[in-house]
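I'm opening my notebook on a new protein today. I'll jot down what I look up, one topic at a time.

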Amino acid sequence: ELPDGPDQLVWDRTACATCKMHVGEPGFAAQARMRDGRTLAFDDPGCLFELLDDIEAEVHTIWFHHQHEDRWIRADRVAFVAAEPTPMGFGIAAVDLGDADSRTFDALRQDFAQKRRER
């Protein structure tokens, strides 16, 4: 059985699965545990969204690091607020679902999918 919580990432040593930069800013980190037990790390929430359509069938759970607090938020409990600067310039950071001026996981996912189709 796969662990339910996020992995502990080694900051500035773990590479982003999308852009290959080091995951060094906890306030923007994300991770996806795959059904085969691997964990993919991301240095920016946008990097995870960029790859999500390609890996969705293999994903077990997704976690985003809270922008200001030292904790992880599961994808079904996360929302996103505008933030600048971000590691890869996507301009979003994770907060708790229901925070003021936030957008849901599903809304952001739709935005990224739409932009991808337009490319």
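Below are my entries, going from the whole chain down to single residues.

**Entry 1: the whole thing**

First, a reminder to myself: I'm looking at a predicted model. I counted the secondary structure and got 2 helices and 7 strands. Reading along the sequence, I wrote the pattern down as β-β-α-β-β-β-β-β-α. The radius of gyration came out at 13 Å, and the globule rule gives 14 Å for 119 residues, so the protein is as compact as a globular protein of that length. I also looked up the span of the C-alpha trace along its principal axes, which is about 35 × 30 × 25 Å.

Then I checked how much is hidden. Of the 119 residues, 43% count as buried. The protein exposes about 6,700 Å², and carbon and sulfur atoms supply 47% of that. Contacts next: taking those with a separation of 6 or more, I found that 51% are between residues 24 or more positions apart.

**Entry 2: strand β1 and its partners**

I picked β1, residues 30-34, and asked how many of its residues are buried. The count is 5 of 5, so I noted β1 as mostly covered. Ala 30, Ala 32 and Met 34 point one way, while Gln 31 and Arg 33 point the other way.

Which strands does β1 pair with? One is β2 (residues 39-42), joined to β1 by 4 bridges and running antiparallel to it. Here Gln 31 has Ala 41 as its bridge partner. β1 and β2 make a hairpin with 4 residues between them, and Gly 37 in the turn has a positive phi of about 95 degrees. The other is β3 (residues 59-65), also antiparallel, with 5 bridges to β1.

**Entry 3: Arg 33**

I stayed in β1 for Arg 33. Is Arg 33 buried or exposed? Its relative accessible area is 4%, under the 20% cut-off, so I put it down as buried. Across in β3, Thr 61 stands opposite Arg 33. I then listed what Arg 33 touches, leaving out residues up to four places away in sequence. Among them are Leu 2, Pro 3, Asp 4, Gly 5, Pro 6 and Asp 7, and also Val 59, His 60 and Thr 61. Arg 38 and Thr 39 are on that list too.

**Entry 4: helix α1**

Next I went to α1, residues 45-55. Of its 11 residues 8 are buried, so the helix is largely enclosed by the rest of the structure. I wrote out the buried ones: Pro 45, Gly 46, Cys 47, Leu 48, Phe 49, Leu 51, Leu 52 and Ile 55. What covers them? The cover includes β1, β2, β3, β5, β6 and α2 (105-118).

I also looked at the start of α1. A side-chain oxygen of Asp 44 comes to within 2.9 Å of the backbone nitrogen of Gly 46 there.

**Entry 5: the sheet with β5 in it**

I moved on to the open sheet of 3 strands, where the order is β6-β5-β7 and the pairing is antiparallel. The edge strands are β6 (92-96) and β7 (103-104), each pairing on one side only. Between β5 (residues 78-82) and β6 I found 5 bridges. Two of the matches I noted: Val 81 is opposite Ala 93, and Phe 80 is opposite Ala 94. β6 is mostly covered, with 4 of its 5 residues buried.

**Entry 6: cysteines**

Last stop, sulfur. How many disulfides does a search of the whole structure find? It finds 0. I wanted to know why, so I looked up some sulfur distances, keeping in mind that a disulfide needs sulfurs within 2.5 Å. From the sulfur of Cys 16, the closest cysteine sulfur is in Cys 19, and at 3.7 Å it is too far for a bond. For Cys 47 the closest cysteine sulfur is in Cys 16, 3.8 Å away, which is also too far.

I checked burial for both ends of that second pair. Cys 16 has a relative accessible area of 1% and is buried. Cys 47, at 2%, counts as buried as well.

Key. Residues numbered from 1 in each chain as written. Predicted model: local features only at pLDDT ≥ 70, side-chain atom pairs only at ≥ 80, totals over all residues. Heavy atoms only, no water. Pairing = 2+ DSSP bridges. Buried < 20%, exposed > 50% of the residue type's maximum accessible area, 1.4 Å probe, protein only. Contact = heavy atoms within 4.5 Å. Rg over C-alpha atoms; globule rule 2.2 N^0.38 Å. Areas by Shrake-Rupley, 256 points an atom, 1.4 Å probe, with all protein chains shown as cover. Polar contact = N/O pair within 3.5 Å; in protein donor to acceptor, adjacent residues only side chain to side chain.
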